[in-house]
Amino acid sequence: MTRFKNTLVTGAHGLVGSTIPAKYRPTSKELNLMDIDSIIKYLNSNNVDSIIHCAAKVGGIGANINNAGEFFYGNIVMNTNLLEAARICGVSKVVSFMSTCVFPADAIYPLTSDQIHNGEPHDTNYPYAYAKRMLDVMGRAYQKQYGTNFVTVIPCNAYGPNDNYNLESSHAIPAIIHKCFLAKKNGTDLELWGTGRPSREFIFSKDLGQLSLWALENYDDLEPLVLSVDKEENMHDIAELICKHMDFAGKIIYNQQMEGQLRKPSDNSTLRSLIPEFEFTPLEEGIQETVEWFLKNYEVCRK
């Protein structure tokens, strides 16, 4: 039996939020997270008892570098507004999404939640990372003073339908998919950032949606919970997998001037101890479904 009846999902029409069933799934026009008064009004009028906070101002390496101040301001304001409004309105539980970018650039691998505040984030996305870190700080501070139940989860790189495919602001997998589509359409090589050597952990958005609902019902610890898969994937292998499912037979060329961190493996042992039976969607299955969705929705998707 569910603990909560009136759950609100922020960012409900985005990559992860679109996979989470909930009673309240407002658009950004219906709920402006930059305006605390409008949040308080919405929470009170709908008797919201729980929140899964997915909304964020996000982007890939290029977007983070070019919009550093905007990314910090947008995320710190919406996060602060939401948690303060939830406190004022007596919301019983909030699960907020952080990101693996919150970890220090020189963190010890695998990434563990006790390292979050041990140093500076990577210089490619430190404003966004610091804003996300404050969700953990605010949750602990509010629990100490007000007794709130505001927990955080740290997903690895998510991908899937309803992602952002804009080449100026998208993350790795949607960017590769869109670039592959255009290369095939225009009969050109596929040009990608980096060297293809880095590895990352990728979680299918539907899996992340299921895990967030599980966390809402079952996870009440203030220690941030890492939500990551069991293995890393090489970026060149992912590019080749995308090419396979898009029937692209051209060459892959790398721009080696734009390289991120080589590895960011995280420790999902706590998750596995709590929910050992969970089965992650295999990467190839997830990539295939994502590519099929992109091709079907190309004209209307975020790009």
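This tour moves through a predicted model, one selection after another.

**Helix H5**

Begin by selecting residues 172-186, which form helix H5. The helix has 15 residues, and the distance from its first C-alpha to its last is 21 Å, close to the 21 Å expected at 1.5 Å a residue. Next, colour its buried positions: Ile-173, Pro-174, Ala-175, Ile-176, Ile-177, His-178, Cys-180, Phe-181 and Ala-183. To see what these buried residues pack against, add strands E5 (157-159), E6 (190-193) and E8 (202-204), together with helices H7 (235-245) and H9 (283-296). Just after H5 comes Gly-187, where phi is positive, near 70 degrees.

**The aromatic cluster around Tyr-165**

The structure holds twelve aromatic pairs. For one of them, select Tyr-165 and Trp-293: the rings are stacked, 6.1 Å centre to centre, with 25 degrees between the planes. Tyr-165 belongs to the loop between E5 and H5 and Trp-293 to helix H9, so this pair ties together parts that are 128 residues apart in sequence.

Keep Tyr-165 selected and add Phe-294. These two rings form a tilted pair, 4.7 Å centre to centre and 40 degrees between the planes. This pair also links distant parts of the chain, as Phe-294 is in helix H9, 129 residues from Tyr-165. Is Tyr-165 buried or exposed? Its relative accessibility is 0%, so Tyr-165 counts as buried; Phe-294 is buried as well. Extend the selection to Phe-181 and Tyr-298, and the cluster linked by ring pairs is in view: Tyr-165, Phe-181, Trp-293, Phe-294 and Tyr-298. Phe-181 has already appeared among the buried residues of H5.

**Asn-162, in the loop between E5 and H5**

Stay in the loop between E5 and H5 and select Asn-162. Its phi is positive, about 70 degrees, although Asn-162 is not a glycine. With a relative accessible area of 28%, Asn-162 is partly exposed.

**Helix H6 and Ser-212**

Now select residues 205-218, helix H6. This helix has 14 residues and reaches 20 Å between its first and last C-alpha, close to the 20 Å expected at 1.5 Å a residue. The buried residues of H6 are Ser-205, Asp-207, Leu-208, Gly-209, Leu-211, Ser-212, Trp-214, Ala-215 and Leu-216.

Centre the view on Ser-212, which is buried at a relative accessible area of 0%. Which residues does Ser-212 contact, leaving aside its neighbours within four places in sequence? They are Ile-20, Ile-52 and Phe-97. A distance label between the C-alpha atoms of Ser-212 and Val-16 should read 9.3 Å, although these residues are 196 apart along the chain.

**Helix H2 and Ile-65**

Select Ile-65 in helix H2 (residues 61-66). At 45% relative accessibility, Ile-65 counts as partly exposed. Draw a second distance, from Ile-65 to Asp-49: the two are 16 residues apart along the chain, and their C-alpha atoms are separated by 37 Å.

**Two further backbone sites**

Go next to Tyr-109 and Pro-110, which are joined by a cis peptide bond with omega at about -5 degrees. Pro-110 lies in the loop between strand E3 (93-97) and helix H4 (126-146).

Then select Asp-247, in the loop between H7 and strand E11 (252-255). Asp-247 has a positive phi of about 55 degrees although it is not a glycine. At 61% relative accessibility, Asp-247 counts as exposed.

**A pocket and a cavity**

Turn to the second largest pocket, whose volume is about 160 Å³. Of the 13 residues that line it, Val-229, Lys-231, Glu-233, Thr-281 and Leu-283 are the closest to its centre. E8 supplies the largest share of the lining, three residues. By class, the pocket lining has eight nonpolar, one polar and four charged residues.

How many cavities of 30 Å³ or more does the structure hold? There are two. For the second largest, with a volume of about 30 Å³, select the lining residues Thr-100, Cys-156, Asn-157, Arg-200, Glu-201 and Lys-264. By class, this cavity lining has one nonpolar, two polar and three charged residues.

Terms used. Residues are numbered from 1 along each chain as its sequence is written. This is a predicted model: local features need pLDDT of at least 70, side-chain atom pairs count only at pLDDT 80 or more; totals for chains, interfaces and linings use all residues. Side-chain values use heavy atoms; hydrogens and water are left out. On a 1 Å grid over the protein atoms alone, a cavity is a set of points where a 1.4 Å probe fits but cannot get out, and a pocket is an open set with protein on both sides within 12 Å along at least five of seven lines; lining residues have an atom within 4 Å of a point. Grid points are joined across faces, edges and corners, and a volume is the space filled by probe spheres set on the points. Ala, Val, Leu, Ile, Met, Phe, Trp, Tyr, Cys and Pro count as nonpolar, Asp, Glu, Lys and Arg as charged, and the others, Gly among them, as polar. Helices (H or I, at least four residues) and strands (E, at least two) are DSSP runs, numbered from the N terminus. The expected span of a helix is 1.5 Å times one less than its number of residues. Buried means under 20% relative accessible area, exposed over 50%, partly exposed in between (1.4 Å probe, protein chains only). Contact means heavy atoms within 4.5 Å. Rings of Phe, Tyr and Trp (its six-membered ring) pair if their centres lie within 6.5 Å; planes under 30 degrees apart count as stacked, over 60 as edge-to-face and the rest as tilted.
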